[in-house]
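Hi,

Here is the structure I promised to pass on. Have a look at it first, and then read my notes below.

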Amino acid sequence: MGWVCQSCREEIEEPFDACWNCGTDRAGRPDSAFRRADEPDPPPPPSAGVSAVCPACGSVEYRPIRPDGWVTYAPDRICTGCGMRYTPPTPRWAAVTLVLVGSAMLLGAVASVLTRLATGNLLAIVTGVSDVLVGLLGGIAVRYGVRVLRRPAG
Ligand SMILES: [Zn+2]
Ligand SMILES: [Zn+2]
């Protein structure tokens with residue numbers, strides 16, 4: 001025969017004398033140091049897509065959530081009305097900035113690699129790996145920005 005937590009009304013199995021849900025003991029005394037075993041939040045649902053308002057119910061009320069990608073200017077949103085997760089559109093100025101900065105990184109990296117090749121210094125070519133990485137990042141930024149700009153507005 002189990003018992004019922006006086007604080008949260010959770011049904012507790014007999015061998016335990018404290019509530020697994022809130023830490024309150026059988027006599028109703030709360031445990032201030034109690035932390036739930038399943039403390040980490042459940043993973044957020046995948047984004048339902050890019051939208052300025054909730055795609056499910058049209059609500060503009062939301063709470064921000066940490067985005068998955070690194071190339072985002074606005075955090076994802078969880079609709080406070082229905083719990084739907086969606087991604088706000090990337091502003092066009094941000095996309096333009098990405099293309100410009102990305103192009104500069106790409107061109108700078110290419111120029112740097114070419115300069116190292118021209119000087120023929122083997123050691124310099126090896127350290128040029130970082131240039132390639134910068135160039136790659138620039139390329140990713142440009143691609144992302146162009147994709148956002150090509151998307152029809154609204
Ligand atoms: Zn409880
Ligand atoms: Zn909603």
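Before the notes, one definition: two residues are in contact if their C-beta atoms, placed from the backbone, lie within 7 Å. Bear in mind that this is a predicted model. Counting that way, and taking contacts in the protein chain between residues at least 6 apart in sequence, 42% join residues at least 24 apart.

Now the overall layout. The protein chain has 5 strands and 3 helices, and from the N terminus on they run β-β-β-β-β-α-α-α. Of its 154 residues, 14% count as buried.

On to the sheet. It is an open one made by 3 strands in the order 3-4-5, with antiparallel pairing. Its edges are strand 3 (62–65) and strand 5 (85–86), each of which pairs on one side only. Strand 4 covers residues 76–79 and pairs with strand 5 over 2 bridges, in the antiparallel sense. If you want a spot to zoom in on, isoleucine 78 stands opposite arginine 85 in strand 5.

Then there's helix 3, residues 129–150. This helix has 22 residues and reaches 32 Å from its first C-alpha to its last, close to the 32 Å expected at 1.5 Å a residue. Which of its residues are buried? They are Asp131, Gly135, Gly138, Ala141, Gly145 and Val148. Seen down the axis of helix 3, these buried residues fall within an arc of 150°, so they line one face of the helix. That buried set packs against helix 1 (92–119), while Val129, Leu133, Arg147 and Arg150 are exposed on the other side of helix 3.

Cheers

How values were computed: Residues are numbered from 1 along each chain as its sequence is written. Chains are lettered from A and ligands numbered from 1 in the order in which they are written. This is a predicted model: local features need pLDDT of at least 70, side-chain atom pairs count only at pLDDT 80 or more; totals for chains, interfaces and linings use all residues. Helices (H or I, at least four residues) and strands (E, at least two) are DSSP runs, numbered from the N terminus. A residue is buried if 20 or more other C-beta atoms lie within 10 Å of its own, exposed if 12 or fewer, and partly exposed in between; C-beta atoms are placed from the backbone. Two strands pair if DSSP finds at least two bridges between them. The expected span of a helix is 1.5 Å times one less than its number of residues. The arc is that of the directions from the helix axis to the C-beta atoms.
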